[in-house]
Amino acid sequence: MFIDKVKIYVKAGNGGDGSASLHTEKYVPNGGPDGGDGGKGGDIVFEATSNENTLNAFHFQKHYRAGNGENGGRQRSYGKQGESLTVKVPVGTVVKSVEGNVIADMFYDGQREVILTGGKGGRGNYHFKTSRRQSPSFAELGVKTEEYEVVLELKTIADVGLVGFPNVGKSTLLSVVSSAKPKIANYHFTTLSPNLGVVSYRDSTFVLADIPGLIEGASEGLGLGHSFLRHIERTRLLVHVLDISGSEQRDPLVDFELINNEIYGYESSLKKLPMLVVANKMDMPDAETNLARFNNKYGNKYKVIPMTTIIHEGVDDFIKTVSELLKTAPEVKPLEFEPYKLQKEEDGSFSVSKLDADVYEITGGLVDELSRKVDLDDYDSFRYFQRVIKERGVESALKKAGAKDGDTVIIGEIEFEFLE
């Protein structure tokens, strides 16, 4: 089983709650507040590794959660920070939101990206002490984080991509020029996943990828090809392998156009990549005739290497030619994108909505902030709440919206009567 696209769930750690402790000690009659802050929640970090080349592990484990921060304690003791979770993914993995926005491109081995940041720890009651409020008995709650669904897409990073119809000899070619051992058999769709092989030539090496499952209509989702076309995007050179003999009663010239149309129909920018043509199965009848037809039509545009892979004929010329072409082929680069943030930045903005003749609702970032800080059962906390909404301009905004004495105001789970 080869998995190159999967959905998983990630959640950063919650922030620990602040402590509402009051200092008590013998011979200290007015110790005052000494509640410590809660610890920050752990982050979700993705790390690219070349030790993996599939997303199979994510098929069995879907949920990834970082550790929560500990609550604050007495004597201004800070809560312990939650443990961050490192999720290792293969090099070439693109992390996306379910809507398709790119969060990160894990292009380099060892690259680390913070996908989610742990929730902030709540402040202890020590922070809320003022000259008029000597012993606040309330503290902030830590920020509770959300769980997000993300999509992982693996795009194999290879120097050369072998493309062509099934059963034209791509896997055989890979096995001949490298130490890779792909499954080889005389039927279609023997290869069900991209296979990689390292090819050496003199003092250089290059990575060759066998891209399986390409048929007519692959770019529109037919057959298996739509699952593997994304792997072509990361190559520097395309090698189009043809059954030049037409042994399966298909015209190799028609096959060539069909596969190219699927590749360029999937991603038009691939037209910029150089393409080498391998005319395989030259030992079969009609091969010479078809090769002459091909050269007559395409010989001026493409470099063509006649080959019979099963007896290694033309292999040395192929390796030398690929090595030379790679010297001038464009380098593969990471995606260019504006990173999408799953978590929204905290802000103190708010808006006033009139729900009924005498009912108003406050929504926005300020609501989330106050919901962590206010305990309606605590007098000091409620006084703090009143002061904040006045200082932030909520009271003025309500008046402007038409609120009058006795009207109901809703802020999150808090509901109270408006008094001018």
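**Exercise 1. Place threonine 308 in this predicted model: which loop holds this residue, and is threonine 308 buried or exposed?**

Step 1. Start with the chain. Threonine 308 sits in the loop that runs between β14 (303-306) and α6 (315-328).

Step 2. Now check the surface. The relative accessibility of threonine 308 is 2%. Buried means under 20%, so threonine 308 counts as buried.

Step 3. Look at who surrounds it. Once you set aside neighbours within four places in sequence, threonine 308 is in contact with Asn280, Lys281, Met282, Asp283 and Glu313.

**Exercise 2. Find aspartate 105: which strand is it in, and which residues does it touch beyond four places in sequence?**

Step 1. Aspartate 105 belongs to strand β6.

Step 2. Its relative accessible area is 4%. The cut-off for buried is under 20%, so aspartate 105 is buried.

Step 3. Leave out residues up to four places away, and aspartate 105 touches Thr93, Val94, Gln111, Arg234, Pro334, Leu335 and Phe337.

Step 4. Try one distance as well. Glutamate 336 is 231 residues from aspartate 105 in sequence, yet their C-alpha atoms are 9.1 Å apart in space.

**Exercise 3. Explore the largest pocket: how many residues line it, and which element gives the most to its lining?**

Step 1. The largest pocket holds about 1000 Å³ of space. Elements giving two or more residues to its lining are β6 (102-106), β7 (112-116) and α7 (365-373).

Step 2. α7 gives the most, with five residues.

Step 3. In total, 34 residues line the largest pocket. Nearest its centre lie Val143, Gln343, Lys344, Glu345 and Glu346.

**Exercise 4. Hunt for rings: how many aromatic pairs are there, and what kind of pair do phenylalanine 107 and tyrosine 108 form?**

Step 1. Ring centres within 6.5 Å count as a pair, and that gives eight aromatic pairs.

Step 2. Phenylalanine 107 and tyrosine 108 have ring centres 4.9 Å apart and planes at 80°. Planes over 60 degrees apart count as edge-to-face, so this pair is edge-to-face.

Step 3. Compare their surroundings. Phenylalanine 107 is buried at 10% relative accessible area, whereas tyrosine 108 is partly exposed at 47%.

Step 4. Pick out a cluster too: Phe256, Phe294, Tyr298 and Tyr302 form one.

Step 5. Finish with a charge. Arginine 250 has its charged end over the ring of phenylalanine 165, 4.4 Å from the ring's centre.

**Exercise 5. Check two backbone angles: what is phi near in arginine 76, and what is it near in asparagine 167?**

Step 1. Here's the background: most residues other than glycine have a negative phi.

Step 2. Arginine 76 has a positive phi, near 55°. It lies in the loop between β3 (63-65) and β4 (85-90), and is partly exposed at 44% relative accessible area.

Step 3. Asparagine 167 also has a positive phi, near 70°. Its loop runs between β9 (160-163) and α2 (170-177), and asparagine 167 is buried at 18%.

**Exercise 6. Judge the confidence: what is the average pLDDT of the protein, and where does pLDDT drop below 50?**

Step 1. The average is 85, and 91% of the residues score at least 70.

Step 2. Residues 187-191 have pLDDT below 50, with 16 contacts in the model beyond near neighbours in sequence. Residues 218-225 stay under 50 too, with 19 contacts beyond four places in sequence.

Step 3. Where pLDDT is low, don't read the predicted coordinates in detail.

Definitions and conventions: Residues numbered from 1 in each chain as written. Predicted model: local features only at pLDDT ≥ 70, side-chain atom pairs only at ≥ 80, totals over all residues. Heavy atoms only, no water. Phe/Tyr/Trp six-rings, centres within 6.5 Å; stacked < 30°, edge-to-face > 60°. Buried < 20%, exposed > 50% of the residue type's maximum accessible area, 1.4 Å probe, protein only. Lys NZ or Arg CZ within 6 Å of the ring centre and 35° of its normal. pLDDT = per-residue confidence, 0-100. Contact = heavy atoms within 4.5 Å. 1 Å grid on protein atoms, 1.4 Å probe; cavity = no way out; pocket = protein on both sides within 12 Å on 5 of 7 lines; lining within 4 Å. Points joined across faces, edges and corners; volume = space filled by probe spheres on them. Helix = DSSP H or I, 4+ residues; strand = E, 2+ residues; numbered from the N terminus.
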